[in-house]
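Student: I am new to this structure. Could you show it to me and let me ask why things are called what they are called?

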Amino acid sequence: VNALRALTVEQQVGLLFVVLFGLLLAVTLVVALRSARTQHVEHSDTELRLLRDLRALWIGTVVFWLSWMSGPVGATLLFGVFSFLALREFITLAHTRRSDHRSLILAFFVVLPLQYVLVGLRSFDLFSVFIPVYVFLAIPVLSALAGDPQRFLERNAKIQWGITVCVFGLSHAPALLLLEFPDYAGRGAFLLFFLVIVTASAQIVQELASRRLRRRPVARHIDRSFSYRAWMSGAAAAALAGALLVWITPLRVWEAAGMGLVAGACGTLGEFVMRALKKDAGVRFWGNHPSVTGAVGLLDRVAPLCFAAPVFFHSARWYSGLTP
Amino acid sequence: MTIAVKAMGLLVSFVARLVTGAQGHWKGCPPEALQRIYFANHQSHLDWVLIWAALPGDLRVRTRPIAARDYWTASKFKHWLTREVFHAVYVNRQRSDDQDPLEPLAEALEHGDSLVIFPEGTRSNKGEPQVFKSGLYHLAERFPAVQLIPVWIDNVQRVMPKGEVVPVPILCTATFGAPMQLQPDEDKREFLERARAAVLALRPAVT
């Protein structure tokens, strides 16, 4: 550990990526070898799911690496693009009406860029209130000006919700990269990595636990596998992962475990909520299936992050006494 | 092909993909370099761009839209865009007695190119396509070897409703159906109705 401490920040982060890509490569190789050994051409459902998850992990890792490589500006831009694609997918499924056009233009071309500019400028005070306060008021005003009273509340709620999840929520991920903890300068990538790992562990363990435990699902019409027991195992796994990763954070062990618990629990709940949304929109997969909208399935991948990142960000800030 | 034309083509398809996703779903046929007439529902000015962006690159070069001559040659830029980038086939909107309005289309087909046509003739926003104009029938009669591919374009009307200038990013799809042909004992009305039904059948189920 002392040898690790002696390295520069850059070297530590570099090492992190080497380890990360090494692990992923190992897992991919194992999966590839196993599928080569079994003879059947038809993949079973679980195998397909595993492959999908693995691909998502690869994409996630590469994105993470890119966002680190490209510095604050690049990271902000990159997540800005993700936000754009996720919001595009969300709005597609939300079945907006013609009179929402101006509100949507505001959401895509004003709110989204501004939010990411605020992240890039590190003005975290305004960044935290811009969407919940100002945009919250601006959208219904613009919508009312369009002069269509039909389903007014419903239409606005959809747009607000999309903005909050896809733009506000996701913009906290690059914010973590840029957050300056005292005595922790330049190590934002570790925090983002911490967040991604704990949410991913929560997801994976919850998935495994729900298969193993076979508990009665809480809400069978939304998700046949979601149960409290499985959810809690996921959160516990996230706490454990957090505690194990304590050395890359500025936190103490139990603090890291607590943060892991909170982030993991939020991430899996976020996934659960997205599943409800999918059911409502009549889509089973947002994966690359030719679905009604041709949605490309990005929203699926970023949903846990959208929910976990704001909670993680604000509790980290609050706890370390950074105002507000 | 000059660099400017190539760059413009890339730019247009990039923007189309960014805004609409421009996903092509080849349900009834693979994207092959055969001579084809794609006929689709028409809801927006973006329809052509969407089909064009959904086609693979090598098919784009040989697939041409129909453009109204008076509008699309009015300014230098419009003329350049439609002629060089899209290789549009120009038609006259005012019908003159001595000229068959389908002649430019027939010329393009004889030349071996594929066409994209919108047989409704005008944009509709009622959901279901209007009755098809007879041009498709005459082309089918004259060029029996050319595949007729029905296409349903979904969601485009949400991207840019009538009267708006800024498009909103919403995912759209172009669904390509199975090739159809004019049957030997089929009259014009039957054929056009069948063609319209074929386009409508590709519409994704409303949930």
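**Why is it called that?**

Tutor: Start with a salt bridge: the side chains of B:Glu103 and B:Arg142 meet in one, at 3.8 Å from N to O. This is a predicted model, where local features need pLDDT of at least 70 and side-chain atom pairs count only at pLDDT 80 or more, while totals for chains, interfaces and linings use all residues. Residues are numbered from 1 along each chain as its sequence is written, chains are lettered from A and ligands numbered from 1 in the order in which they are written, and side-chain values use heavy atoms, with hydrogens and water left out.

Student: Why is the pair B:Glu103 and B:Arg142 called a salt bridge?

Tutor: The term asks for a side-chain nitrogen of Lys or Arg within 4 Å of a carboxyl oxygen of Asp or Glu. The N to O distance here is 3.8 Å, so the pair qualifies.

Student: What makes B:Glu103 and B:Arg142 a tie between parts of the chain?

Tutor: B:Glu103 lies in helix 6 (residues 103–110) of chain B and B:Arg142 in helix 7 (residues 135–142) of chain B, so the pair ties together parts 39 residues apart in sequence. Helices (H or I, at least four residues) and strands (E, at least two) are DSSP runs, numbered from the N terminus.

Student: Why is B:Arg142 called partly exposed?

Tutor: Buried means under 20% relative accessible area, exposed means over 50%, and partly exposed is in between (1.4 Å probe, protein chains only). B:Arg142 has 41%, so it is partly exposed. B:Glu103, with 29%, is partly exposed too.

Student: What makes A:Glu154 a partner in salt bridges?

Tutor: A:Glu154 pairs with A:Arg151, the closest N and O atoms being 3.4 Å apart. A:Lys158 also forms a salt bridge with A:Glu154, at 3.7 Å between the closest N and O atoms. Both distances fall within 4 Å, so both pairs count. A:Lys158 and A:Glu154 lie in helix 7 (residues 152–169) of chain A, four residues apart, about one turn of the helix.

Student: How do you know whether A:Arg151 is buried or exposed?

Tutor: A:Arg151 has a relative accessible area of 53%, which is over 50%, so it is exposed. A:Glu154, at 37%, is partly exposed. A:Lys158, at 27%, is partly exposed.

Student: How many salt bridges does the structure hold?

Tutor: There are 17 over all chains.

Student: Now the rings. How many aromatic pairs are there?

Tutor: The count comes to 21 over all chains. Rings of Phe, Tyr and Trp (its six-membered ring) pair if their centres lie within 6.5 Å; planes under 30 degrees apart are stacked, over 60 edge-to-face, and the rest tilted.

Student: Why is the pair A:Phe21 and A:Trp58 called tilted?

Tutor: The centres are 6.1 Å apart and the planes stand at 40 degrees. That angle is neither under 30 nor over 60 degrees, so the pair is tilted. A:Phe21 lies in helix 2 (residues 9–37) of chain A and A:Trp58 in helix 3 (residues 45–69) of chain A, so the pair ties together parts 37 residues apart in sequence. A:Phe21, A:Trp58 and A:Trp65 form one aromatic cluster.

Student: What makes A:Phe21 partly exposed?

Tutor: A:Phe21 has 21% relative accessibility, which lies between 20% and 50%, so the term fits. A:Trp58, with 23%, is partly exposed as well.

Student: What is the angle between the planes of B:Tyr71 and B:Trp72?

Tutor: The angle is 90 degrees, with 5.0 Å centre to centre, and the pair is edge-to-face.

Student: How do you know that B:Lys78 lies over the face of B:Tyr71?

Tutor: The rule wants NZ of Lys or CZ of Arg within 6 Å of the ring centre and within 35 degrees of the ring normal. B:Lys78 is listed as over the face, at 3.9 Å from the ring centre.

Student: Last one: why is A:Gln115 called buried?

Tutor: Its relative accessible area is 0%, under 20%, so A:Gln115 is buried. A:Gln115 lies in helix 5 (residues 101–120) of chain A. Its contacts (heavy atoms within 4.5 Å) beyond four places in sequence include A:Phe127, A:Phe130 and A:Ile131.
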